[in-house]
Amino acid sequence: MLIAGEKRTTIWPDADGNGVFIIDQTRLPHRIETVLLRNLDDAARAIKDMLVRGAPLIGVTAAYGVALAMRADASDDGLARAREVLRKTRPTAVNLAWALEQIGQFLAQMPEELRRDSAMTFAKHLAEKDIACNSAIGDNGLAILRTLAEKREGKPLRILTHCNAGWLATVDWGTATAPIYKAQAAGIPLHVFVDETRPRNQGAFLTAFELGQQGVSHELIVDNAGGHLMQHGEVDVCIVGADRIAANGDACNKIGTYLKALAAKDNGVPFYVAAPVSTFDFALASGSLIPIEERAQDEVTHMSGEADSGELVTVRIAPKTTPAKNPGFDVTPARLVTGIITEKGVFAADAQALAALS
Ligand code: MRU
């Protein structure tokens with residue numbers, strides 16, 4: 001996708017394969033900065049501190065992290081250590097474990113002396129696969145948006161999304177945004193309502209930024225506005241991403257997604273989850289088993305942004321003595337999900353339909 005008119009991906013290896021570049025997402029939208037990851041610890045820190053975030057991108061960064069680790073120590077112990085360090089960075093997005101399993105299995109069956117170069121090639125392959133999956137999600141979602149747009153008789157199709165399941169959460173295209181970008185390219189008029197997504201404001205900072213860069217019509221709304229807009233017939237469809245989907249179709253995504261799904265159900269607004277097959281965890285029978293990341297209190301008690309002076313500032317918004325609770329994700333029960341858009345097609349959110357993917 002584009003930043004300042006230039007085609008970019010979120011992650012790419014440097015020319016000699018000794019490092020991997022990322023866009024530092026903690027600085028967006030105020031600063032566009034790249035960071036070079038040189039080793040395992042850099043990659044682990046980038047995931048943990050959310051310089052990269054979003055389930056698919058976390059997975060691809062972890063694979064590159066293993067590849068960087070193999071340049072220092074390609075032994076079985078080195079491989080096991082790299083997997084363990086990366087696995088511990090964030091708990092909810094299953095794409096992390098998926099990517100570590102993929103690259104781990106691939107490297108385990110080859111001699112140590114081949115691992116250094118093969119690991120980097122494999123990580124690049126996972127990154128390319130992510131782009132292809134998201135593009136296919138876009139094509140499958142486009143069919144849904146096209147049908148819904150016909151009912152609008154030329155007026156813009158109004159889409160609500162939560163958090164950032166955009167290209168910045170993947171290598172390219174995004175999951176929830178891929179159908180939007182495909183619809184834009186197909187000439188379908190659309191307008192996106194972007195939930196700000198407190199506490200880290202991925203909607204305001206990232207989704208609004210990337211839609212703006214792509215020239216997609218959008219408006220930022222506070223997290224509490226979605227229900228009101230749906231009640232007043234101002235939203236035609238919701239599309240969100242997912243961090244982990246259980247075998248029964250329960251979908252875990254950024255905190256607040258569940259409330260949007262409830263409002264959508266109550267108002268007859270279709271609610272779609274867009275995710276690659278790597279986001280499914282068929283080992284979990286239901287969403288109640290998904291580990292929910294509990295994050296730092298200061299994400300709730302403070303807010304960051306750019307002052308009119310151009311300085312990046314963080315301010316406290318709660319009394320100094322007020323404690324905060326900060327679950328990072330919630331689970332939307334399958335009964336509230338209209339369909340799950342994957343690279344393999346659109347599936348009903350139930351165990352029987354999803355079994356075909358396992
Ligand atoms: O905490 P984050 O920013 O990593 O959370 C991201 C989300 O919840 C996304 O919606 C999800 O990972 C889907 S990304 C295509």
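The 36 positive and 43 negative charges of the chain have mean positions 2 Å apart. This is a predicted model, and its chain combines 11 helices with 18 strands. Below is a quick tour, from the whole chain down to one helix and two residues worth a look in the viewer.

**The chain as a whole**

- For 358 residues, a compact globule would have a radius of gyration near 21 Å, and the chain agrees with that at 20 Å.
- Along the principal axes, the C-alpha atoms fill a box of roughly 60 × 50 × 40 Å.
- Buried residues account for 58% of the 358 residues.
- The accessible surface of the chain is about 14,800 Å², and carbon and sulfur atoms contribute 52% of it.
- If you take the contacts between residues at least 6 apart in sequence, 75% of them join residues at least 24 apart.

**Helix H7**

- Helix H7 covers residues 202-214, and its 13 residues should span 18 Å at 1.5 Å a residue. The C-alpha atoms at its ends are 17 Å apart, which agrees.
- Because 10 of its 13 residues are buried, H7 is largely enclosed by the rest of the structure.
- The buried residues of H7 include the hydrophobic-looking run you can pick out by name: Phe-205, Leu-206, Ala-208, Phe-209 and Leu-211 are among them. Gln-202, Gly-203, Thr-207, Glu-210 and Gln-214 are buried in H7 too.
- Just after H7 comes Gly-215, with a positive phi near 75 degrees.

**Gln-25, a buried loop residue**

- Gln-25 sits in the loop that runs between strand S4 (20-23) and strand S5 (34-37).
- Its relative accessibility is 5%, so Gln-25 counts as buried under the 20% cut-off.
- Leaving out residues up to four places away in sequence, Gln-25 touches Thr-10, Met-50, Leu-51, Arg-53, Leu-57, Leu-168 and Leu-206. One of these partners, Leu-206, is itself a buried residue of H7, which makes a handy link back to that helix.

**Asp-42, in helix H1**

- Asp-42 belongs to helix H1, which spans residues 40-48.
- With a relative accessibility of 18%, Asp-42 falls under the 20% cut-off and therefore counts as buried.
- Beyond residues up to four places away in sequence, Asp-42 touches Leu-36 and Leu-37.
- Val-20 lies 22 residues from Asp-42 in sequence, and their C-alpha atoms are 9.8 Å apart in space.

Technical notes: Residues numbered from 1 in each chain as written. Predicted model: local features only at pLDDT ≥ 70, side-chain atom pairs only at ≥ 80, totals over all residues. Heavy atoms only, no water. Helix = DSSP H or I, 4+ residues; strand = E, 2+ residues; numbered from the N terminus. Expected span 1.5 Å × (residues − 1). Buried < 20%, exposed > 50% of the residue type's maximum accessible area, 1.4 Å probe, protein only. Contact = heavy atoms within 4.5 Å. Rg over C-alpha atoms; globule rule 2.2 N^0.38 Å. Areas by Shrake-Rupley, 256 points an atom, 1.4 Å probe, with all protein chains shown as cover. Lys, Arg positive; Asp, Glu negative; His and termini not counted. Charge placed at Lys NZ, Arg CZ, Asp CG, Glu CD.
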